[in-house]
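Okay, thanks for staying on, everyone. Let me put the model up and then walk you through a few spots.

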Amino acid sequence: MSTLIRGGTVVNATGAVAADVLVQGEKIAALVAPGFEVQADTVIDATGKYVIPGGIDGHTHMEMPFGGTSSVDTFETGTIAAAWGGTTTIVDFAVQAKGTSLLSTLDKWHSKADGNCAIDYGFHMIVSDVNDTSLKEMESCIDAGVNTFKMFMAYPGVFYATDGEILRAMQKARETGATIMMHAENGIAIDQLVAQAIANGDTDPVQHALTRPPELEGEATSRAIALAKVTGAPLYIVHLSAAQALDAVTKARDTGQNVFAETCPQYLYLSIEDLAKPDFEGSKYVASPPLRPKEHQGELWRGLRTNDLSLVSTDHCPFCFKDQKELGRGDFSKIPNGIPGVEHRIDLLHQGVVRGELTVERWVEISSTTPARMFGLYPRKGVIAPGADADVVVYDPMARQTLSVETHHMNVDYSAYEGMELTGKVSTVLSRGKVVVDDDGFHGGAGHGRFLGRDLNQYLV
Ligand SMILES: [Zn+2]
């Protein structure tokens, strides 16, 4: 079975070129100069469109337990929504519950995801119980294709790790080549501010941001960088939202330290003003770190241009407004944390191209190529090149669309971007050679997606 994607502009991180793309089976077989005759079973017309490597979302939470409830996208609904938006790989977080082992956690996440994903997927591991057994088990996780370990400086009593525990895990990372991913917010100080706000009767969703000031993200980021420096471990800051944290990352990178950071579309487009919306609407925008005042956004775009921010993931973690976000009415600290977004990352980042914030190549780099290298998937993923998996998106840069809960495919009852008008839209999506989305709709299905055992971070020398 062969497919020719004809007449488009192939955009890789390294440049754009007019070329046809020949797909055979699950792989890209060749890039062909326009005008050369090539036989194929099927032809997709990409005239006037970009042909880009499928998006890789390195930060999702499908079916994630949180405070007695669970994020509402299953691996099936979440990966279908991802495919609609041009994302063909996710890396989701397996969550170690305190008192359980990393390997049983991995088994549990396999049993949720295997056979249920519409696109390819891998796992990171959240380490919430640092002890001799967990540290030893990190080695087995790496052998099983999971070599990125997330820790939390926030959420005392739940996921929180002490500096000493972080240090020990980083020493193991240094020894094994693994990367430590960090949720960098000073949770000990934040918990005091939260308790004080509640005691004062300040219970609205906007308090979520006011009790988690950007300085406490900056401080935790600096502390994580110092611990990484002392141990020699590679460090990846997840969902960076604040200029203060970006400053710390920029300084560390300027010294050559292996420090990387992602941001998320919500921090580029939404702000504390959304959290302040009346009638509990603000709860739709509760995630941690919180949405910031608008002036942080320009800094984040700057970081994306200068590569101090390496890539963009969604932190997709959908909770319904009804019944789930409702749990925090009258107490903002009980609002489930998370914003849905896995479907919209490629489109939202394309607005950066439209607005002149990013080149088209940088758009591809931060949404696909860098995640592929960061999470050990390149050149199987993240590039349109012979031998790569045929995860290919035909993207119409001129199409117009309006984001809405009425039209999105995520299994959640609101859109954080309701009514936002965008330029650019996915036309066709191939996942390992199979057309899963086109003008006629969705043609994929649960079970098409395969588990990806990943190599180590490819930015490390
Ligand atoms: Zn997350």
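Let's start with a question: which exposed residues does the face of α3 turned away from its buried side carry? This is a predicted model, by the way. On that face you'll find Asp-132, Thr-133, Lys-136 and Asp-143.

Now flip to the other side of the helix, which runs over residues 132-143. Buried here are Ser-134, Leu-135, Glu-137, Met-138, Cys-141 and Ile-142. They sit on the same side of α3 because they cover an arc of only 160° around the axis. And what do those buried residues of α3 pack against? Two of the partners are helices, α2 (102-113) and α4 (163-176), and then there are the strands β12 (120-126), β13 (148-152) and β14 (179-183).

Have a look at the ends, too. Asn-131 caps the N-terminal end of α3, with a side-chain oxygen 3.0 Å from the backbone nitrogen of Thr-133. Just after the helix, Gly-145 takes a positive phi of about 90°.

Okay, over to the metal. The zinc ion is coordinated by NE2 of His-59, NE2 of His-61 and an OD of Asp-315, at 2.0 to 2.2 Å. Along the chain, the donor spacing reads H-x1-H-x253-D. Both histidines, His-59 and His-61, are buried.

Last stop: Ser-283, in the loop between α10 (272-275) and α11 (295-306). Is Ser-283 buried or exposed? Buried, with a relative accessible area of 0%. Its side chain reaches the backbone oxygen of Phe-280 at 2.8 Å. Leaving aside neighbours within four places in sequence, Ser-283 is in contact with Pro-205, Phe-321, Lys-325 and Ile-335.

Methods:
Residues are numbered from 1 along each chain as its sequence is written. This is a predicted model: local features need pLDDT of at least 70, side-chain atom pairs count only at pLDDT 80 or more; totals for chains, interfaces and linings use all residues. Side-chain values use heavy atoms; hydrogens and water are left out. Donors are N, O and S atoms within 2.8 Å of the metal (3.2 Å for Na, K and Ca); water is not among the atoms, so sites may look incomplete. Buried means under 20% relative accessible area, exposed over 50%, partly exposed in between (1.4 Å probe, protein chains only). Helices (H or I, at least four residues) and strands (E, at least two) are DSSP runs, numbered from the N terminus. A polar contact is a pair of N or O atoms within 3.5 Å; within protein, one must be able to donate a hydrogen and the other to accept it, and residues adjacent in sequence count only if both atoms are side-chain atoms. Contact means heavy atoms within 4.5 Å. The arc is that of the directions from the helix axis to the C-beta atoms.
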